[in-house]
Number of protein chains: 2
Amino acid sequence: MKPFGTVSLVGAGPGDPELLTLRAARRILDADVVVHDRLVPTAIVDLARPGARRIPVGKRAGFHPVPQDDINALLVDLAMTGAHVVRLKGGDPFIFGRGSEEAAVLRRAGIAVEVVPGITAAQGAAASLGMPLTERDCATGVRYVTGHRKGDAPLELDWDGLADPDTTLVVYMGAANMAEIAARLIAAGLSRDMPVLAVSKVTTPDEARATSSLGRVGADPVIRALPSPVLFVVGRVVALAEAGQAVLPEVALHAPHLAEGAHA
Amino acid sequence: MKPFGTVSLVGAGPGDPELLTLRAARRILDADVVVHDRLVPTAIVDLARPGARRIPVGKRAGFHPVPQDDINALLVDLAMTGAHVVRLKGGDPFIFGRGSEEAAVLRRAGIAVEVVPGITAAQGAAASLGMPLTERDCATGVRYVTGHRKGDAPLELDWDGLADPDTTLVVYMGAANMAEIAARLIAAGLSRDMPVLAVSKVTTPDEARATSSLGRVGADPVIRALPSPVLFVVGRVVALAEAGQAVLPEVALHAPHLAEGAHA
């Protein structure tokens, strides 16, 4: 019997292949199979060698999503063939996105699991915009929440706790519910003038951004027109965003294959 | 006159050189000067080419820290010589650590600034321990705060907002004040039994960890003995941490120089 393979839960980062970690890039390059969210850019999935299997799963407009239970079973089945499986997820596998559920199922099946962290979309946006997530004078911390609800269920968030003007609030998967989120934050005490930044497809060539305020964001036509996925940042740090930051040319280094692959 | 150089504010990540982003590794390899926090591991600083200048700044026990104003002035002076300067900071340059202040000073001086994000210590700890930072059933979000105080100033945190049992709380620079932080969180409503994880020197060969609870952490001798820096994670996700996770061998790839450098 072949020994069980391994599964690496790998964070693909916010979109730009250059923001993969060295370990993430190595794992993708070495994979027998890459099971990837559909939102992970092709340039990242294609770091895998030509003979590696690529299996897209997860949501994107126009595709029927693969149910989570089926993804879990697929990962177990693939690992049991002895393959080195990379499960490639946007951002960080252990911040939203059900990576912990996949890890738990695999471990219960006796399969070795490794987790490789990834740069979050929020960190990508901050770097791309020259906007800190914390800043001594206006943001003593940063908080990530999800604005997604299950079906018609109410958004169950601690609104009083969230309405802290000294904390930068990052809302993932909030596009559909941002009007309600903004209204509840205002009701809980945040100013209608608190700046809000919306960033679409952060750190990709299609990145688009718009700024608004809590009072306006829910009905802002520019923001509603931003293509999915959209990340929202609420807080005074938004006012610190630069119009743009320096873009340095990627230097040619002593790692030609990696450099080439990362830019593919 | 020579044109001004550029400054890349680069996140060194949590400690393991393999958790640098590809861009961060490229910037270090290409730097003329690396101005680094003393806590950044030598294995990362030494990715710089042999001829590059290395200038340690920042705090470490036994060293007089370079004042922030002096660091800001140093970065400006170095960039004005036309050098490509890498300012290498632990974790992410835009989450704590005054990266935004450095960026603002440089921009005011007319110098091009680029920000390269880094994996946070919290993400490194989560991956290293197989412990998610969010989890559908017990943590709807994650929050980073700093537990550092200026001199004798009181800890100015929104305790009621922080005492949310459904949010994972990550405390940076909290070792000196964790007894007070725990007491205030309990006073604000969190259970004395809420699990607390302390991780020292996360993702380095010297990583050490201990678990405790809010009721015990302030007086826990094992935790007080952990070498600095220590990161605290408060929340129900701590109970999901694995004893250890799979450690895969680093594979030899098509990028021998980068692989070698990263392991130096």
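This text walks through a predicted model, from one chain to its core and then to the pairing of two chains.

Chain A is built with nine helices and 10 strands. It has 264 residues, and 59% of them count as buried. The surface that chain A exposes comes to about 10,600 Å², with 55% of that area supplied by carbon and sulfur atoms. The contacts in chain A can also be sorted by distance along the sequence. Among those between residues at least 6 apart, 69% join residues at least 24 apart.

Next comes the interior. In soluble globular proteins, nonpolar side chains tend to be buried together. Here the largest nonpolar core holds 86 residues, and A:Tyr144 and B:Tyr144 are the members that touch the most others in it. Setting aside neighbours within four places in sequence, A:Tyr144 is in contact with residues of its own chain, among them A:Ile95, A:Phe96, A:Leu133, A:Val170 and A:Tyr172. Further contacts of A:Tyr144 within chain A include A:Thr120, A:Ala122 and A:Gln123. From chain B, B:Gly141 and B:Val142 are also in contact with A:Tyr144. A second core, separate from the largest, has 36 residues, including A:Ala25 and A:Leu88 from one chain and B:Leu47 and B:Ala48 from the other.

The last point is how the chains are arranged. Two copies of a chain are related by a rotation about an axis and a shift along it. For chain A and chain B, the rotation is 180° and the shift along the axis is 0.0 Å, and the superposition gives an RMSD of 0.0 Å. This is the relation of a two-fold axis. Both copies use the same surface, as 100% of the contact residues of chain A recur in chain B.

Key: Residues are numbered from 1 along each chain as its sequence is written. Chains are lettered from A and ligands numbered from 1 in the order in which they are written. This is a predicted model: local features need pLDDT of at least 70, side-chain atom pairs count only at pLDDT 80 or more; totals for chains, interfaces and linings use all residues. Side-chain values use heavy atoms; hydrogens and water are left out. Helices (H or I, at least four residues) and strands (E, at least two) are DSSP runs, numbered from the N terminus. Buried means under 20% relative accessible area, exposed over 50%, partly exposed in between (1.4 Å probe, protein chains only). Contact means heavy atoms within 4.5 Å. Accessible areas come from the Shrake-Rupley method with a 1.4 Å probe; for residues, only the protein chains shown count as cover. A nonpolar core is a set of buried Ala, Val, Leu, Ile, Met, Phe, Trp, Tyr and Cys residues joined through side-chain atoms within 4.5 Å. Copies are superposed by least squares on the C-alpha atoms of residues with pLDDT of at least 70 in both.
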